[in-house]
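User: I should like to learn how to read helix packing, sheet order and backbone angles in a structural model. Could you guide me through some cases?

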Amino acid sequence: MKISNRSSRGTRAGRTSAAVALGAVLALTATACGDDGSGAGGDKGAEGSGTGKIVFWDNNGGIRTAVWKEIIADFEKANPDIDVEYVGIAATEYQSKVDTAIQGGGLPDVGGVGAAMLAGFSAQNALEPLDDRLAKSSLSGKLNKDMVESLKAAGGGDGTLYSVPTSANNGVLYYRTDLFDKAGLDAPTTWDKFYEAAEKLTDEDKNEFGYTIRGGSGSIAQALDAMYGQSGITSFWSEDKKTTTVNDPKNVEALEKYAALYKKVTPAADVNNDFAKMVAQWDSGTIGMVNHNLGSYQDHVKALGVEKFRGIPQPVGASGKRVQVSNPVDGLGVFKSSKNKEAAWKFIEFATSHEQNSKFNESAGQVPANTEAAKDAWIQKAEPTKLAAEALNDGSTTIVQLPYYLPDWNTLSKSESEPAFQKVLLGETSPKDFLDGLADKLNEAQAEWTEQMG
């Protein structure tokens with residue numbers, strides 16, 4: 001069932017009214033507090049002396065605490081006149097904690113700011129622009145250009161850099177080398193080889209399947225990757241920046257082919273699977289391929305050993321080029337209310353330097369943003385990270401930048417689209433109707449955003 005323009009406008013109108021109402025409340029609150037729009041509570045912050053204490057909020061506390069404490073110890077040794085207070089916050093709680101602090105005060109000097117949360121923070125004027133600092137820094141020219149561009153695109157659409165990239169958790173196609181060898185199949189380096197393998201490795205009577213597809217939480221990013229990867233379309237928007245390419249006929253055709261895999265070469269349970277269930281299912285040993293990211297590599301090693309699988313970059317299309325949607329890029333930002341921006345920037349410079357960025361990413365199993373770190377020896381030992389780094393640095397991959405800057409992007413790409421995509425998998429909605437409905441909403445959101453930007 002195609003989503004009509006009327007229902008789209010009704011939903012959008014509700015969201016717009018709520019946003020206007022919230023904006024009015026915040027404006028009144030800001031006026032009462034003397035907010036001039038320069039940052040949380042009207043606090044413009046200050047450069048500071050470049051010494052003293054700074055507070056750092058880690059956006060993946062617990063998971064990355066140990067390596068951040070090592071980096072902080074190294075930083076304080078190199079900068080004995082600066083003390084860093086570390087605050088680890090769980091990834092699931094980080095954005096809401098920052099949003100609360102933006103309105104009520106208590107922001108740190110520096111914190112983790114990934115692509116998905118950038119637009120929300122920058123829209124509230126909470127982040128310090130970093131373009132000039134980076135241009136004058138020893139980091140200039142040493143950061144992966146695609147990662148920098150992803151964060152610029154995510155920051156609000158005006159090309160300002162509000163976060164310095166630390167890493168990319170790149171998309172990976174994991175496949176069972178033992179099953180491929182037994183079936184006489186080539187590595188799934190192209191989409192044609194991917195589909196051939198998915199079919200040949202499936203034997204439903206033996207509960208063996210060629211692929212596990214993501215139908216639950218997080219399904220849309222994976223579907224977009226498959227669409228743009230096959231179609232070869234390299235921009236999310238048309239040339240006039242008014243209409244999205246998601247429902248381009250080539251993308252519709254790609255989604256039709258991809259969605260048709262469900263229950264034909266995948267388990268039926270996939271319609272509800274998030275990444276944890278999907279990865280666990282693949283690790284059980286009866287499925288040929290799974291798409292995920294570098295973050296699950298160690299899980300696969302524990303389950304299968306290094307001899308039974310490989311993790312390679314997304315397949316290339318008919319043109320021989322690899323196209324993927326913007327990879328999850330994490331980074332570090334300076335909050336505008338900081339009273340010691342100079343020291344906060346020194347910490348970011350240090351943390352994303354060659355040695356420290358390499359240390360962080362070796363621990364995280366991700367692709368370093370620092371191009372010198374991306375050449376270090378440890379990467380050669382973790383093949384998926386090595387291949388991902390090469391793909392991002394050798395010019396073979398084109399990144400389609402997702403519109404993280406749209407206030408409605410997270411809602412449109414998750415709560416409104418994931419249930420609709422499940423209907424596509426179940427055959428209750430056609431891929432074309434699904435993508436046309438999504439395109440209507442995206443185009444309207446883009447028009448509103450463009451008007452607000454003036």
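Analyst: The turns below take up helix pairs, a sheet and two loop residues in this predicted model.

User: How is the packing of two helices described?

Analyst: Two packed helices are described by the angle between their axes and the distance between the axes. In this structure, helix α10 (residues 249-259) packs with helix α19 (residues 431-453) at about 130 degrees, and the axes are 9 Å apart.

User: Which term describes the orientation of α10 and α19 to each other?

Analyst: They are oblique to each other, because an angle counts as oblique when it falls outside the ranges under 35, 65 to 115 and over 145 degrees. The crossing of α10 with α19 is right-handed.

User: Which residues make that contact?

Analyst: On the α10 side they are N251, V252, L255 and E256, and α19 contributes P431, K432, F434 and L435. By class, the contact of α10 with α19 has five nonpolar residues, one polar and two charged.

User: At what angle do α2 and α13 cross?

Analyst: The axes of helix α2 (residues 65-78) and helix α13 (residues 341-351) cross at roughly 115 degrees and come within 10 Å. This crossing is right-handed. From α2, W68, I71, I72, D74, F75 and A78 meet A343, K346, F347, F350 and A351 of α13. The residues of this contact comprise nine nonpolar, two charged and no polar.

User: What is the strand order in the open sheet?

Analyst: The six strands run in the order β2-β1-β3-β10-β4-β11, and their pairing is mixed. The edges are β2 (82-88) and β11 (367-368); each has a single partner strand, so one side of each lacks a neighbour in the sheet. Helix α14 (residues 354-364) packs on the sheet, where it touches β4 (164-168) and β11, and its direction makes about 35 degrees with that of β4.

User: In which sense do β1 and β2 pair?

Analyst: Strand β1 (residues 52-58) pairs with β2 in the parallel sense over seven bridges. As one instance, W57 has V87 in β2 as its bridge partner.

User: Which residue between α8 and β6 deserves attention for its backbone?

Analyst: The loop between α8 (191-200) and β6 (209-212) holds N207. Phi of N207 is near 60 degrees, a positive value in a residue other than glycine.

User: Where is K241 found?

Analyst: K241 is in the loop between α9 (219-231) and α10. Although K241 is not a glycine, its phi is positive, at about 65 degrees.

User: What relative accessibility do N207 and K241 have?

Analyst: N207 has 48% and therefore counts as partly exposed. K241, at 47%, also counts as partly exposed.

How values were computed: Residues are numbered from 1 along each chain as its sequence is written. This is a predicted model: local features need pLDDT of at least 70, side-chain atom pairs count only at pLDDT 80 or more; totals for chains, interfaces and linings use all residues. Side-chain values use heavy atoms; hydrogens and water are left out. Axes are lines fitted to C-alpha atoms, for helices over the stretch in contact, and angles run from 0 to 180 degrees between N-to-C directions. Helices (H or I, at least four residues) and strands (E, at least two) are DSSP runs, numbered from the N terminus. A crossing is left-handed if the near helix is turned anticlockwise from the far one by less than a right angle, and right-handed if clockwise. Contact means heavy atoms within 4.5 Å. Ala, Val, Leu, Ile, Met, Phe, Trp, Tyr, Cys and Pro count as nonpolar, Asp, Glu, Lys and Arg as charged, and the others, Gly among them, as polar. Buried means under 20% relative accessible area, exposed over 50%, partly exposed in between (1.4 Å probe, protein chains only). Two strands pair if DSSP finds at least two bridges between them.
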